[in-house]
Amino acid sequence: MSTPAPPGYTDVRTILQRLTGAGGAPGVLLAVRDARGRTVLTSGVANIETHAPIAGDSRFRIGSMTKMFVATVVLQLVAERRVVLDAPVEQYLPGVISGNGNDGRDITVRQLLQHTSGLPDYLEYLSLGEVLTDPVAHHDPLELVQIALAHPRLFAPGTGWQYSSTNYVLAGMLIEQVTDRPYEQEIEQRVIGPLGLHDTFVPGDESAIPGTHPQGYAEPEGSLIDTTEVNPSIAGASGAMISSAADLDRFLDALVNGGLLRPSELQAMMTTHPTGSSSGSTYGLGLESSSLPCGGVYWGHDGGILGFQTLGGVTTDGRSVTVMANLYPGGSDAQAGADMRTALTTALCASTPSKPQR
């Protein structure tokens with residue numbers, strides 16, 4: 001099942017059909033937002049048993065796209081002079097980062113947000129089988145951090161780049177320490193409420209996805225299993241959030257075009273470090289910059305959490321795109337990620353403006 005492609009989006013439609021072809025995801029959604037309105041394309045199904053189509057207003061887990069929200073809150077605290085970007089993390093979380101060469105006195109807040117801390121990624125030491133044994137179990141943030149700290153640091157802070165979700169679990173802990181409120185509440189008060197993001201949640205331990213949503217699937221051993229209900233505390237501040245394509249497109253536009261941060265903090269967020277990726281992408285503070293085939297760059301982030309793979313990007317002229325597939329991990333994750341990125345960049349480069357929805 002798929003929605004018809006409007007003029008200018010035929011190539012995007014072809015990519016989405018490839019994403020839901022043999023060995024691909026059950027379903028995929030892509031939404032474009034620009035000054036004229038929104039265009040939503042879908043392919044495949046929301047549920048492999050009922051074959052219900054993907055709804056254009058679906059909510060879904062966004063995985064590591066959560067990092068953009070967390071970084072935004074930290075940078076707002078920087079603007080309020082409650083956090084200093086180049087201060088050691090030890091100043092805010094005394095005694096938390098220690099052992100095996102990991103030392104909070106040597107790691108700055110900026111290095112946490114930019115993945116230049118050298119801290120190991122706790123997810124590297126959690127197997128999918130372990131998580132699936134009890135998918136609704138609660139995971140304490142400090143427990144996740146300690147899983148990482150049981151291993152040697154990857155490099156001296158500031159001397160390299162390596163993506164590590166441990167950094168953002170710590171950023172969530174830092175927010176709570178500074179504000180005396182959980183990071184969830186700070187995101188709701190500072191970002192979700194002001195932007196009117198009615199489909200966006202930081203769910204805590206709630207394992208269900210509220211409202212209209214596709215089922216999420218994983219393919220650990222060659223067969224699909226339903227992983228829609230999972231306690232997102234396994235990801236915490238590194239990837240627990242739920243949102244929709246409409247909300248993510250609105251958030252991305254507001255973030256990159258100055259609706260959430262002062263110019264000085266936005267400049268800090270958009271000052272990037274090479275990641276060593278073949279695509280040439282560079283990473284700022286919770287925000288990635290990548291080249292567009294039609295020229296220029298887009299800013300955004302990807303995400304992957306049990307059941308869902310996501311990617312969002314926005315240009316500085318306000319054109320934003322979000323893509324979601326309801327399979328993760330499974331199939332060829334690398335190929336799926338590449339196809340999702342191609343779908344996103346093709347949509348961002350589409351010459352025909354999208355038509356407003358009524």
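**A disulfide, two pockets and helix H6**

The link between cysteine 294 and cysteine 349 is left-handed, with -75 degrees about the S-S bond. The structure at hand is a predicted model, and in it the two sulfur atoms of this disulfide sit 2.0 Å apart. Cysteine 294 belongs to the loop between strand E11 (288–291) and E12, while cysteine 349 is part of helix H10, so the bond ties together parts of the chain that are 55 residues apart in sequence. Cysteine 349 counts as partly exposed because its relative accessibility is 23%, above the 20% under which a residue is called buried. The count for the model comes to one disulfide.

H10 turns up again in the largest pocket, where its six lining residues are the biggest contribution from any element. This pocket has a volume of about 1,300 Å³. A total of 46 residues line the largest pocket, and those nearest its centre are Ser64, Tyr163, Gly303, Gly304 and Tyr328. Two or more lining residues come from each of helix H4 (128–133), strand E12 (297–305), strand E13 (308–314) and helix H10 (333–349). As for the chemistry of this lining, 21 residues are nonpolar, 18 polar and seven charged.

Next comes the second largest pocket, with a volume of about 310 Å³. Its lining is made up of 19 residues, with Pro141, Glu176, Tyr183, Glu184 and Gly236 nearest the centre. Helix H5 (141–149), helix H6 (166–179) and helix H7 (183–195) are the elements that supply two or more residues each. Of these, H6 gives the most, with five. Sorted by class, nine residues of the lining are nonpolar, seven polar and three charged.

H6 itself deserves a look. The helix runs for 14 residues and reaches 20 Å from its first C-alpha to its last, close to the 20 Å expected at 1.5 Å a residue. Mostly covered, H6 has twelve of its 14 residues buried. Among them are the run from Thr166, Asn167, Tyr168 and Val169 through Leu170, Ala171, Gly172, Met173, Leu174 and Ile175, and Val178 and Thr179 are buried as well. The cover over these buried residues includes helix H2 (66–79), helix H3 (109–114) and strand E10 (282–283). H5 and H7 also take part in that cover, and both of these helices give residues to the lining of the second largest pocket. Just after H6 comes aspartate 180, with a positive phi near 65 degrees.

Key: Residues are numbered from 1 along each chain as its sequence is written. This is a predicted model: local features need pLDDT of at least 70, side-chain atom pairs count only at pLDDT 80 or more; totals for chains, interfaces and linings use all residues. Side-chain values use heavy atoms; hydrogens and water are left out. On a 1 Å grid over the protein atoms alone, a cavity is a set of points where a 1.4 Å probe fits but cannot get out, and a pocket is an open set with protein on both sides within 12 Å along at least five of seven lines; lining residues have an atom within 4 Å of a point. Grid points are joined across faces, edges and corners, and a volume is the space filled by probe spheres set on the points. Helices (H or I, at least four residues) and strands (E, at least two) are DSSP runs, numbered from the N terminus. Ala, Val, Leu, Ile, Met, Phe, Trp, Tyr, Cys and Pro count as nonpolar, Asp, Glu, Lys and Arg as charged, and the others, Gly among them, as polar. The expected span of a helix is 1.5 Å times one less than its number of residues. Buried means under 20% relative accessible area, exposed over 50%, partly exposed in between (1.4 Å probe, protein chains only). Contact means heavy atoms within 4.5 Å. A disulfide is a pair of cysteine sulfur atoms within 2.5 Å.
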